[in-house]
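Let's take a walk through a protein structure together. Have the sequence and the 3D view ready, and follow along from one spot to the next.

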Amino acid sequence: MSFTRRSFLVATGAALTASSLPGLAFAADAADTRFTPRVLGNPNAKVVVEEWFSLTCIHCAHFAEETFPQIKKNLIDTGKIRYVFHDFPTDQLATLAAMVARTLPEERYEPFCSAVLSSLDRWAYNNEVDHKAELQKMAAFAGMPAETFEKAVTDQKLLQFIMTEQSEAQDKYSIESTPTFRFNNKEQVSSALSYDDFVKYLTKAS
C-alpha cells in the first residue's frame with residue numbers, strides 16, 4: 001500500500017486530536033513497553049530481518065497469512081533469524097490499530113496484528129460497520145478492557161512516537177509502500193514476498 005506523509009498527517013492528526021483524552025498512566029519508575037521494539041527470534045541471530053507494515057494494507061495481510069507462518073516456523077522459531085516489526089500505518093484506521101497493538105502486552109503484539117490483518121474485510125473495509133467498534137471487539141478478545149482501549153486510541157504521546165518512527169524510516173530508507181523489508185541492512189524490497197523469494201533475499205544478505 002502506497003504512502004504519502006502529508007495525507008497521513010492530515011487524516012490522522014485531525015481525527016485523533018478532536019477526541020483527545022489523557023494518555024495511559026505509567027509509574028515513573030516502570031518500563032513503558034509501548035515504546036520498546038517488537039521483536040521475535042534469537043537475539044544473537046546473525047541475520048536480522050525488519051518489516052514495515054500497515055494494519056489496513058491488503059498486501060501486508062496477504063504476506064501475514066501466506067508467508068509469515070512459514071517464516072516463523074522455519075526461520076524464527078529455529079533461531080536462524082531475528083525478526084523486527086515496525087509500525088508504518090498508511091491511514092487513520094491503521095494508526096488506531098497500531099496504537100492498540102502497542103498498548104497490549106508485548107507477547108500479544110504479533111498475534112493481535114495477525115488477527116487484525118486477517119479480518120480486514122470485516123472491520124476495515126466493511127462500510128456497514130463502525131470500524132472503531134469492530135477494532136475494539138478484537139482488542140477485547142485480546143484481553144484489553146474498554147477503558148484501556150479508549151485511552152490507547154487517543155494517547156497523543158503514543159501517536160507521536162509512531163509518527164516519528166515512521167517519518168524517520170521514510171527519511172532514512174525512502175520507504176513509500178507496505179510491506180517493506182530490509183535484510184541485514186543490505187537488501188531492501190517492497191513487496192508481499194512469497195516464502196521462496198523471502199529466502200532468496202535472506203541468502204543474498206547473509
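Gly-79 is partly exposed, with a relative accessible area of 24%. Keep in mind as you look that this is a predicted model. You can find Gly-79 in the loop that runs between helix 3 (68-76) and strand 3 (81-87). Which residues from further along the chain does Gly-79 touch? Leaving aside residues up to four places away in sequence, Gly-79 touches Asn-42 and Ala-45. Look at Lys-46 as well: its C-alpha atom is separated from that of Gly-79 by 9.5 Å, and the two residues are 33 apart along the chain.

Now let's turn to the sheet. Strands of a sheet pair through backbone hydrogen bonds, and they can do so in a parallel or an antiparallel way. Here you have an open sheet of five strands, with mixed pairing. If you step across the sheet, you meet the strands in the order 1-3-2-4-5. Which strands form the edges? They are strand 1 (38-41) and strand 5 (187-190), each of which pairs on one side only. On average, neighbouring strands are turned by 15° against each other, if you ignore direction.

Let's stay with strand 5 for a moment. Strand 4 (residues 180-183) and strand 5 run antiparallel, and four bridges join them. To see one partnership, find Phe-183: its bridge partner in strand 5 is Glu-187.

Glu-187 also leads us to the salt bridges. How many salt bridges does a search of the whole structure find? The search finds 10. In one of them, Glu-187 is joined to Lys-204, with the closest N and O atoms 3.7 Å apart. Lys-204 lies in helix 10 (residues 195-205) and Glu-187 in strand 5, so this pair ties together parts that are 17 residues apart in sequence. Is Lys-204 buried or exposed? With a relative accessible area of 55%, Lys-204 is exposed. Elsewhere, salt bridges with shared partners join Asp-32, Arg-34 and Asp-155 into one network.

Next, go to the other edge of the sheet, strand 1. There, the side chain of Arg-38 meets that of Glu-106 in a salt bridge, at 3.7 Å from N to O. Distant parts of the chain are linked by this pair: Arg-38 sits in strand 1 and Glu-106 in helix 5, 68 residues apart. The two partners sit in contrasting surroundings. Arg-38 counts as buried because its relative accessibility is 2%, whereas Glu-106 is partly exposed, with a relative accessible area of 37%.

One more salt bridge is worth a look. Lys-72 pairs with Asp-77, and their closest N and O atoms are 3.2 Å apart. Lys-72 is partly exposed, and its relative accessible area is 27%.

Glu-106 brings us to the last stop, helix 5. Helix 5 (residues 106-117) packs with helix 7 (residues 131-141) at an angle of about 145°, and their axes are 11 Å apart. Their crossing is right-handed. Which residues meet there? From helix 5 come Phe-112, Ala-115 and Val-116, and from helix 7 come Leu-135, Met-138 and Ala-139. What kinds of residues make up this contact? Six are nonpolar, with no polar and no charged residues among them.

Methods: Residues numbered from 1 in each chain as written. Predicted model: local features only at pLDDT ≥ 70, side-chain atom pairs only at ≥ 80, totals over all residues. Heavy atoms only, no water. Axes fitted to C-alpha atoms, helices over the stretch in contact; angles between N-to-C directions. Helix = DSSP H or I, 4+ residues; strand = E, 2+ residues; numbered from the N terminus. Left-handed = near helix turned anticlockwise from the far one by under 90°. Contact = heavy atoms within 4.5 Å. Nonpolar A, V, L, I, M, F, W, Y, C, P; charged D, E, K, R; others polar. Pairing = 2+ DSSP bridges. Salt bridge = Lys/Arg side-chain N within 4 Å of Asp/Glu carboxyl O. Buried < 20%, exposed > 50% of the residue type's maximum accessible area, 1.4 Å probe, protein only.
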